[in-house]
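Please read the following with the sequence and the model side by side. The text goes from one helix outward to the rest of the chain.

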Amino acid sequence: MLDWTQATLAGAAGLGVSTVVRFERSETVVAAATVQTMQLAFEAAGVEFIRENGSGAGVRMKNAKLN
């Protein structure tokens, strides 16, 4: 959606690239606070996380507000 690299996400979230890599590879359990930090970085870039609503959880880009 954003065409971000691991380095871009790490920079936006204030994390090390190795943390993002380990998370993506499921090599280790990443702290909930770290996952939340990554989510906040995505949300700041316009990604909206959709909770389970009967059709499954998902993500989408926020709608641009029209003036």
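A residue is called buried when its relative accessible area is under 20%, exposed when that area is over 50%, and partly exposed in between. These terms are applied here to a predicted model.

With them, helix 3 can be read face by face. On the side turned away from its buried residues, helix 3 carries the exposed residues Ala32, Gln36 and Ala44. Its buried residues are Thr34, Met38 and Ala41. Viewed down the helix axis, these buried residues fall within an arc of 55 degrees, so they line one face of helix 3. The spacing has a general background: an α-helix has 3.6 residues a turn, so residues three or four places apart point the same way.

The length of helix 3 can be checked as well. It covers residues 32–44, and at 1.5 Å a residue these 13 residues should span 18 Å; the end C-alpha atoms are 18 Å apart, which agrees. Just after helix 3, Gly46 takes a positive phi of about 105 degrees.

What does the buried side of helix 3 pack against? Its partners are helix 1 (6–13) and helix 2 (17–25). Thr34, which is found in helix 3, gives one example. Its relative accessibility is 17%, under the 20% limit, and therefore Thr34 counts as buried. Apart from its neighbours within four places in sequence, Thr34 is in contact with Leu15 and Thr19.

Thr19 leads on to helix 2, where it is buried along with Val20 and Val21. The buried residues of helix 2 pack against helix 1 and helix 3. Just after helix 2, Ser26 has a positive phi of about 55 degrees.

The next topic is empty space. Rolling a probe the size of a water molecule over the atoms shows where such space is left. In this model the largest pocket has a volume of about 300 Å³. Its lining is made up of 16 residues, and those nearest the pocket centre are Leu9, Glu24, Met38, Phe42 and Phe49. Helix 1, helix 2, helix 3 and strand 1 (47–50) each supply at least two residues of this lining. Which element gives the most? Helix 3 does, with 4 residues. By type, the lining divides into 12 nonpolar, 3 polar and 1 charged. Met38 thus appears twice in this account: it is one of the buried residues of helix 3, and it is among the residues nearest the pocket centre.

Phe42 is another of the residues nearest that centre, and it too is found in helix 3. Is Phe42 buried or partly exposed? At 25% relative accessibility, Phe42 counts as partly exposed. Leaving aside neighbours within four places in sequence, Phe42 is in contact with Leu2, Trp4, Leu9, Val47 and Phe49. Of these contacts, Leu2 is 40 residues away from Phe42 in sequence, while the C-alpha atoms of the two are 8.6 Å apart in space.

The whole chain can now be put around these details. The protein has 3 helices and 2 strands, and from the N terminus on its elements run α-α-α-β-β. The C-alpha trace spans about 40 × 30 × 20 Å along its principal axes. Of the 67 residues, 18% count as buried. Among contacts with a separation of 6 or more, 29% are between residues 24 or more positions apart.

Key: Residues are numbered from 1 along each chain as its sequence is written. This is a predicted model: local features need pLDDT of at least 70, side-chain atom pairs count only at pLDDT 80 or more; totals for chains, interfaces and linings use all residues. Side-chain values use heavy atoms; hydrogens and water are left out. The expected span of a helix is 1.5 Å times one less than its number of residues. Buried means under 20% relative accessible area, exposed over 50%, partly exposed in between (1.4 Å probe, protein chains only). The arc is that of the directions from the helix axis to the C-beta atoms. Contact means heavy atoms within 4.5 Å. On a 1 Å grid over the protein atoms alone, a cavity is a set of points where a 1.4 Å probe fits but cannot get out, and a pocket is an open set with protein on both sides within 12 Å along at least five of seven lines; lining residues have an atom within 4 Å of a point. Grid points are joined across faces, edges and corners, and a volume is the space filled by probe spheres set on the points. Ala, Val, Leu, Ile, Met, Phe, Trp, Tyr, Cys and Pro count as nonpolar, Asp, Glu, Lys and Arg as charged, and the others, Gly among them, as polar.
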